[in-house]
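Good morning, colleagues. I should like to take a few minutes to walk through one protein model with its ligands.

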Amino acid sequence: MTSAAILTAAGSGTRLGRPVPKALVELAGVPLVVRAAQGLAAADCLTSLVVTVPPAEVGTVTALFAGGLVPGTPLTVQVVAGGPTRQASVAAGLSALAQDVDVVLVHDAARCLTPPELVRGVEAAVRGGHRAVVPAVPVTDTVKEVGPADTTGAEPVRGTVERTRLRAVQTPQGFDRLLLEEAHAAGAGRAGDERAAVSDDAGLVEALGEPVWVVPGDERAMKITTPRDLALAHVLLGHEAADRPAGHAPLP
Ligand SMILES: Nc1ccn([C@@H]2O[C@H](COP(=O)(O)OP(=O)(O)OP(=O)(O)O)[C@@H](O)[C@H]2O)c(=O)n1
Ligand SMILES: C[C@](O)(CO)[C@H](O)COP(=O)(O)O
């Protein structure tokens, strides 16, 4: 039996605000989707990778991977069209997995600096018997629940959530394949609509009533969502933010 990853890269990147889908935006000259795939390959615990991309970009991304991922790594790469939500994209990736895959990692291309040791740790935790595993870091802000805004736009605080029990969840999330397939089948009715879809795969497993386990995450597994995140990713890489589009001022 083998381990595989589904790399979700079918989003548009609205919050990043670039003219190309986020996965094709370059970080120090390398598209995010390629960086993320190379990080998965470097973990050396996977045999195949299914990359979900916007339907119009299947050809472009297939060409990006035509030369192989990392010299010397035998990881096979298959590029498929994603869906209208992240949940739908993962479901599309699941149906493209090879038959001998029994452990599946689901990873965001937007978390392209995730270190290989985190990937290995999640895969090992699933192989070790935990059927659903998410990496996470402690929350550092105080988190409050609020009610509907008044006429001035101010929102009343309803309560303060006990912070010591909160974790910010990252990817890759690792699953026993049969459990992930069962969870996606049960939640399929939610996949077509962003307001109903789950924001992570573990949420579908939780909805089944099955346990989900947390392992320590890593700050480098940050998600690139906004222009500020992209600038931070340059800093983490030790590069100047040279990919800034023309006309954009440097961030303070
Ligand atoms: N229909 C979708 C939506 C998102 N994703 C992927 O899910 C990951 C996390 O999503 P997010 O960071 O929200 O990316 P976008 O949806 O592209 O961002 P935005 O919401 O700003 O448009 C990304 O790697 C994204 O490509 C996907 O595969 N299919
Ligand atoms: C899966 C995820 O990265 C875990 O934190 C996150 O939920 C993705 O959310 P997004 O709104 O699709 O970026």
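Let me begin with a term that I shall use throughout: a residue is called buried if 20 or more other C-beta atoms lie within 10 Å of its own. Please also bear in mind that this is a predicted model.

With that term in hand, consider helix 1, residues 32–42. This helix is mostly covered, with 9 of its 11 residues buried. Which residues of helix 1 are buried? They are Leu 32, Val 33, Val 34, Arg 35, Ala 36, Ala 37, Gly 39, Leu 40 and Ala 41. I would draw your attention to Arg 35, a residue that counts as charged and is buried in helix 1. After the helix comes Asp 44, and its phi is positive, near 65°.

Let me now step back to the whole chain. The protein has 7 helices and 12 strands. Of its 252 residues, 40% count as buried. Its C-alpha atoms fill a box of roughly 55 × 50 × 30 Å along the principal axes. The radius of gyration is 18 Å, and this agrees with a compact globule, because a globule of 252 residues would have a value near 18 Å. As for contacts with a separation of 6 or more, 73% of them are between residues 24 or more positions apart.

I turn next to strand 6, residues 101–108. Is this strand mostly covered or mostly open? It is mostly covered: 6 of its 8 residues are buried. Strand 6 runs parallel to strand 1, residues 2–8, and 7 bridges join the two. Within that pairing, Thr 2 stands opposite Val 101. Strand 6 also pairs with strand 11, residues 173–176, this time in the antiparallel sense and over 4 bridges. There, Leu 105 stands opposite Gly 174.

Finally, the ligands. Ligand 1 is surrounded by 22 residues, and the closest are Thr 8, Ala 10, Gly 11, Thr 14 and Arg 15. How does the shell around ligand 1 divide by residue character? It holds 6 nonpolar, 11 polar and 5 charged residues.

Around ligand 2 we find Arg 86, Asp 108, Val 169, Gln 170, Thr 171, Ser 199, Asp 200 and Lys 223. That shell divides into 1 nonpolar, 3 polar and 4 charged residues. One of these neighbours, Asp 108, brings us back to strand 6, which spans residues 101–108.

Conventions. Residues are numbered from 1 along each chain as its sequence is written. Chains are lettered from A and ligands numbered from 1 in the order in which they are written. This is a predicted model: local features need pLDDT of at least 70, side-chain atom pairs count only at pLDDT 80 or more; totals for chains, interfaces and linings use all residues. A residue is near a molecule or strand if its C-beta atom, placed from the backbone, lies within 6 Å of it. The radius of gyration is taken over C-alpha atoms; the globule rule is 2.2 Å times the number of residues to the power 0.38. A residue is buried if 20 or more other C-beta atoms lie within 10 Å of its own, exposed if 12 or fewer, and partly exposed in between; C-beta atoms are placed from the backbone. Two residues are in contact if their C-beta atoms, placed from the backbone, lie within 7 Å. Two strands pair if DSSP finds at least two bridges between them.
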